[in-house]
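Here's a quick look at how this model is put together, from domains to a helix pair to the chain contact. Have the structure open as you read.

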Amino acid sequence: MSSTFLGVPAPRGVGHLRGTQTFPDAARVALGDSQLRRNLGHATSTIRAKRAAVVGELDDWEQLRLAGSALKTATMARLDEHLERLEREVTARGGTVHWARDANEANAIVTRLVQATGETEVVKVKSMATQEIGLNEALEAAGIEAKETDLAELIVQLGGDLPSHILVPAIHRNRAEIREIFLREMPGVDPELTSEPRLLAMAARKHLRERFLRAKVAISGANFGIADTGTLLVVESEGNGRMCLTLPDTLITVMGIEKVVPTWQDLEVFLQLLPRSSTGERMNPYTSAWTGVTPGDGPQDFHLVLLDNGRTATLADEVGRAALHCIKCSACLNVCPVYERAGGHAYGSVYPGPIGAVLSPQLTGVEDNASLPYASSLCGACFDACPVRIDIPSLLVRLRAQHVDANRGGVPSAEAAAMAAASWVMSTPGRFGAAESASKLGRLLGRSTGRISSLPPPLSAWTASRDAPRPPEETFRQWWARERGTS
Amino acid sequence: MAPQVGKATVTLLERLGHEVVFPSAQTCCGQMHTNTGYQREAVPLVRHHVEVFEPYDVVVAPSGSCVGSVRHQHAMVARDAGDDALADRATAVATRTYELSELLVDVLGVEDVGAYFPHRVTYHPTCHSLRMLRVADKPLRLLRNVRGMTLLELPAADQCCGFGGTFALKNADTSTAMLADKMRNVLSTGAEVATAGDASCLMHIGGGLSRLQSGTRTLHLAEILAST
């Protein structure tokens, strides 16, 4: 009898998919940081306007979104076949493919590959997958220093910080803070450095060039892995990625298994959707593609590590799997009112914002990130912005149900008891009408002002910042009965 | 909690010459349960809603959020519970269910309801009306025809007020931060009244404005349209 492998969650104790605090607790701290609020508000509103302008240029944007969604749905349905094709083509062109079930396996594979080169320093292309698995820490534990080369990742790394945005990891920092970090942490930096963006970029450029020229090993992620030719592809803005992808002798690429696309033609859709949604550009400045090993040109030793780390488990849910369609553009973060105020660190995962709230709990198992599906007012701005039409609000609601269902059976929480009672009351009109009438007892409150400014827990969370209306003298139901008789 | 909204809806529709029936057996659409994760507890509410409203030609609710739940969640709740027959019935009821501005503009073809409301008003397009139902500018078309009223444009109007049902309790701090920005934008217009098509969002915005003694109050769209 054959069986289907339904996957296992990303393991605990490694990588950055779980926070140490619940979202409400972490958000409370972030909300009080006026500098963070200002930085995020400024950055997200700027990028929202840029995105809206370039998306508005295309008459067929909605058709492109539908095409992107259809391509991803079709690809996920035969993911195994596409991955095996990718493996065959990469291998046929001189690369080596490794399969990593989880973060620990991926970290061990990459560490072993670097150790085999004898090097103790590697340069990195910006990559979410390697942030997810905590690769830098794993390499450090093995005595290997990983240098981030994406400008924003460099700022985060020098600042001893964590990324707070998928595309703009240092979005929580402003120019003045970046200057301070450079002055403090960048060896040999000009002490007269100002916060002028051009000068900050030049300082980073000088710092990074030295590393590019001496690096023998580079580590990257991939935006797309094209199955039918075994080609990997990275899109970026700075050219630092291309430095890493071309100069070193050895290139190791860590790619989540959901990043495979069947053919080059699929990029016709995705390379229109991605830059406009992410940086608000018609086309990103650098698109680098490589296929296996080309003798005498570029890295002569190429390894592709295919990472599961909870993705197969996510794929097992026929609705939830849509989260794997994500092309990591960050449009949903930039339009999210919760992200804009609480910031990326509050989500406790390298995948913050709306997509993080549906992806992280599925990669780890919902109980390990149980507060994330609730970190949304379900306003729907994310769904509208998503270039591959992931219905994030519906996924959030689904994950909330999975969390509630996972906690059934024991002693019900106060919330569960209240919800069950409300369902019982609302299932019949008699009970509902009686409950409505009973709420008039609330009129004992707020008699002098007509509003209620203080209620007991859990409703105190409401009245901490908003008044509550005083229950009416007469409900609509009573008014209708009095005026019109019952129907 | 907001009987004035229902009364205004009845007043308005009867003034336009329509027969309004309030099936007194109705209770709640169950959105709170569904959106908080208690989908199983929502099933009897969906069933009850379908049974109560099935006999009617057209159903109207002066709430974008409730209509959004009926239209986008009821069938899903039934189907997830394994009751495909209920899901089909829920879909049939949903296709005949309209938010108030949809009913007026799309079904009844009315944009001028003959209202008079001599005040400065700003309109907040609530998230579910805007993005689940796509009511677009229908409420604004109705408001622009209200005599005596000055309609003031709300900055960043499409941003959520932070209500989000139990979100306002579970993530009260983030909700309040969103509310603070919404109130700042409302107050920047100089409006006396902030209006919207959802009593729940208005309870949130109004609760904040009242706590600050801001001097700006909230009224449901139906209340303005019912005024003469």
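## Domains, a helix crossing and the chain contact

An automatic or database assignment splits chain A into domain 1 (23-82 + 101-222 + 235-249 + 273-281) and domain 2 (414-484). Keep in mind that this is a predicted model. The C-alpha centres of domain 1 of chain A and domain 2 of chain A sit 49 Å apart.

Now for a helix pair in chain A. The axes of α3(A) (residues 61-77) and α12(A) (residues 267-278) come within 9 Å and cross at roughly 120 degrees. Angles over 115 and up to 145 degrees count as oblique, so α3(A) and α12(A) are oblique to each other. Their crossing is left-handed. On the α3(A) side, A:Leu64, A:Ala67, A:Gly68 and A:Leu71 do the touching, and they meet A:Val269, A:Phe270, A:Gln272 and A:Leu273 of α12(A).

What about the two chains? In chain B, 49 residues are in contact with 51 residues of chain A. Elements of chain B giving two or more residues to this side include α1 (3-15), α3 (39-53) and α12 (199-211). The top contributor is α11(B), with seven residues.

Here's how the residues divide in the two contacts:

| Contact | Nonpolar | Polar | Charged |
|---|---|---|---|
| α3(A) with α12(A) | six residues | two residues | no residues |
| Side of chain B that touches chain A | 22 residues | 21 residues | six residues |

So the helix contact has no charged residues, while the side of chain B that touches chain A has six.

Conventions: Residues are numbered from 1 along each chain as its sequence is written. Chains are lettered from A and ligands numbered from 1 in the order in which they are written. This is a predicted model: local features need pLDDT of at least 70, side-chain atom pairs count only at pLDDT 80 or more; totals for chains, interfaces and linings use all residues. Axes are lines fitted to C-alpha atoms, for helices over the stretch in contact, and angles run from 0 to 180 degrees between N-to-C directions. Helices (H or I, at least four residues) and strands (E, at least two) are DSSP runs, numbered from the N terminus. Angles under 35 degrees count as roughly parallel, over 145 as roughly antiparallel, 65 to 115 as roughly perpendicular and the rest as oblique. A crossing is left-handed if the near helix is turned anticlockwise from the far one by less than a right angle, and right-handed if clockwise. Two residues are in contact if their C-beta atoms, placed from the backbone, lie within 7 Å. Ala, Val, Leu, Ile, Met, Phe, Trp, Tyr, Cys and Pro count as nonpolar, Asp, Glu, Lys and Arg as charged, and the others, Gly among them, as polar.
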